[in-house]
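Biologist: Let us go through this model together. I will ask how each label is earned, and you set the value against the cut-off.

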There are 2 protein chains.
Amino acid sequence: MVANMQNRTSAGHRTGRPRSAAADAAILEATRAALIELGWSKLTLGDVALRAGVAKTTLYRRWAGKNELVVDAVAELFDELELPDRGSLPADVEGAVLQFATVLDRPETRTALMAVVAEATRDEPLRRRIRASIVDCQKQLVLEGRARAQARGELPAEEDPEAAARTADLIFDMVAGAVVHRTLVSGEPVDPRWARSFTRVLLLGLAGAAEAAAQD
Amino acid sequence: MVANMQNRTSAGHRTGRPRSAAADAAILEATRAALIELGWSKLTLGDVALRAGVAKTTLYRRWAGKNELVVDAVAELFDELELPDRGSLPADVEGAVLQFATVLDRPETRTALMAVVAEATRDEPLRRRIRASIVDCQKQLVLEGRARAQARGELPAEEDPEAAARTADLIFDMVAGAVVHRTLVSGEPVDPRWARSFTRVLLLGLAGAAEAAAQD
DNA sequence: AGCTTACGCTACGGCTCGTAGCGTAACTGC
DNA sequence: GCAGTTACGCTACGAGCCGTAGCGTAAGCT
């Protein structure tokens, strides 16, 4: 649940006409539709307002601009991501990879995700917004998966919390990075076969690295 | 050497006034300067022309638009990438990772790379251009590194060429994806320590996967 | 020379941006 | 009910950039 981190910062005003939640939903939906039809670069806020059936000024009252609006629109798609229990660590990783790839396969995600990341390189608030509403909830899945594997006895419990955090970051960048790169840069599909190969390399590598670290 | 794949499609015209190579260089340099100062979204072709000291119409005579121009401008930065022989496969991978990260650390690369990739999701010719002038020459380094490792005896020779190609693609997406993701999405630096951890996981994973495959 | 192509310059219609201003609608507390 | 407060729709506007047309000039080739 992303839930409008942009408005009513907390314990917001109680008087006056409340903002229409229906308008919020219509705008975000219209934004995704416009992304599919026009792509990021040709998307205009005037067009989104027209599709959503609201005035252009309403958009500017709620979002600072195109960047913030699109982040919220695609963040909802990433909310679907969950981590179904498939019984073993390799199966879980493979499932997560395929699920992530499914979201990245949507045309609105493809065109929008890289664009807002590019914008974020020169916009610190936008970067925070992306992290809070998209990236961090993905990283959460990594932590969840590790905890599950430790409960199953497939992974040893971590002793050094700092090292554990670094490893989690490494895993996250490797998984998300590889899937994104294959999908958007190489332009090749993330099919079950690729997911299987990738998962195998990743898990064998992590197991070997943990073993080597234990010998230090 | 990117060398203007956009002009004079082959055996181009020989009569008339030739295009100024100095103008080409000035334009690409001005484009990078504008990327640094303004970023992708605020970069305008009129401004680039002003900086380069050429007429705006000259830009449109050589490039179809902003996308193509920026691709050529950043492609020159990736031309620097080489694969110095560091004596062992892990050292080579680590060096390549750090070198790649250095290019991604430049402000003009950070803001431009993701942006053109985003544009390319709805523009097939642009995708081909990016592949030809940026991606493929990176992938070449992977093949070069593997050949070198095989010559050293660190890797077995491949028997199945198709499987070898798939593995090379997997490695490429894992390396480039992880570095890009850490730099541009997570926003954390790719320092020697991270490069070391990453390389260890990758190579141990590949070794383990090759071993497992041999047993099939 | 004469031909051919590149270049600089000006000017233009068209589009999008983001905002200001106003009247109306919706909800709250007295 | 009524007054206060906030959201909404609508119109209009200056500003900026886009991409192109048209023209005169510059730089090579034969």
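Biologist: Which element gives the most to the surface near DNA strand C?

Modeller: α3(B) does, with four residues. One caution: this is a predicted model.

Biologist: What makes a residue count as near DNA strand C?

Modeller: One of its heavy atoms must lie within 4 Å of the strand. There are 23 residues around DNA strand C. Pro18(A), Tyr60(A), Gly16(B), Thr58(B) and Arg62(B) come nearest. By class, the surface has six nonpolar, ten polar and seven charged residues.

Biologist: What share of the atoms of DNA strand C within 4 Å of the protein belongs to sugar or phosphate?

Modeller: Sugar or phosphate accounts for 61%, and bases for the rest.

Biologist: Why is the approach of Arg61(B) to DNA strand C called a polar contact?

Modeller: The cut-off for a pair of N or O atoms is 3.5 Å. A polar side-chain atom of Arg61(B) lies 3.0 Å from a base oxygen of DNA strand C. That is within 3.5 Å, so the pair is a polar contact.

Biologist: How do you know that the backbone takes part too, at Arg17(B) and at Leu45(A)?

Modeller: A backbone N or O atom of Arg17(B) lies 3.2 Å from a base oxygen of DNA strand C. For Leu45(A), a backbone N or O atom is 3.4 Å from a phosphate oxygen of that strand. Both pairs are within 3.5 Å, so both count. Elements giving two or more residues to this surface are α2 (45–52) and α3 (56–62) of chain A, together with α3 (56–62) of chain B.

Biologist: Now DNA strand D. Which residues come nearest to DNA strand D?

Modeller: Of the 24 residues around DNA strand D, the nearest are Gly16(A), Arg17(A), Thr58(A), Arg62(A) and Tyr60(B).

Biologist: What makes Thr58(A) a polar partner of DNA strand D?

Modeller: An N or O atom in the side chain of Thr58(A) is 2.7 Å from a phosphate oxygen of the strand. The limit is 3.5 Å, so the pair qualifies. Tyr60(B) places a polar side-chain atom 2.9 Å from a phosphate oxygen. Arg61(A) has a polar side-chain atom 3.0 Å from a base oxygen of DNA strand D. The elements giving two or more residues here are α3 of chain A, with α2 (45–52) and α3 of chain B. α3(A) supplies the largest share, four residues.

Biologist: Why are α5(A) and α7(A) called roughly antiparallel?

Modeller: Their axes come within 10 Å and cross at roughly 165 degrees. Angles over 145 degrees count as roughly antiparallel, so the pair earns the label. The crossing of α5(A) and α7(A) is right-handed. Leu89(A), Asp92(A) and Phe100(A) of α5(A) meet residues of α7(A), including Gln138(A) and Arg152(A). The contact residues are three nonpolar, two polar and three charged.

Biologist: And why are α1(B) and α4(B) called roughly perpendicular?

Modeller: Helix α1 (residues 21–38) and helix α4 (residues 66–78) of chain B pack at about 90 degrees, with axes 9 Å apart. The range for roughly perpendicular is 65 to 115 degrees, so the name follows. Ile27(B), Leu28(B) and Leu35(B) are among the contact residues of α1(B), and Leu69(B), Val70(B) and Leu77(B) are among those of α4(B).

Biologist: How do the residues of the contact of α1(B) with α4(B) divide by class?

Modeller: Eight are nonpolar, one is polar and three are charged.

Technical notes
Residues numbered from 1 in each chain as written. Chains lettered and ligands numbered in written order. Predicted model: local features only at pLDDT ≥ 70, side-chain atom pairs only at ≥ 80, totals over all residues. Heavy atoms only, no water. Polar contact = N/O pair within 3.5 Å; in protein donor to acceptor, adjacent residues only side chain to side chain. Nonpolar A, V, L, I, M, F, W, Y, C, P; charged D, E, K, R; others polar. Axes fitted to C-alpha atoms, helices over the stretch in contact; angles between N-to-C directions. Parallel < 35°, antiparallel > 145°, perpendicular 65-115°, else oblique. Left-handed = near helix turned anticlockwise from the far one by under 90°. Contact = heavy atoms within 4.5 Å.
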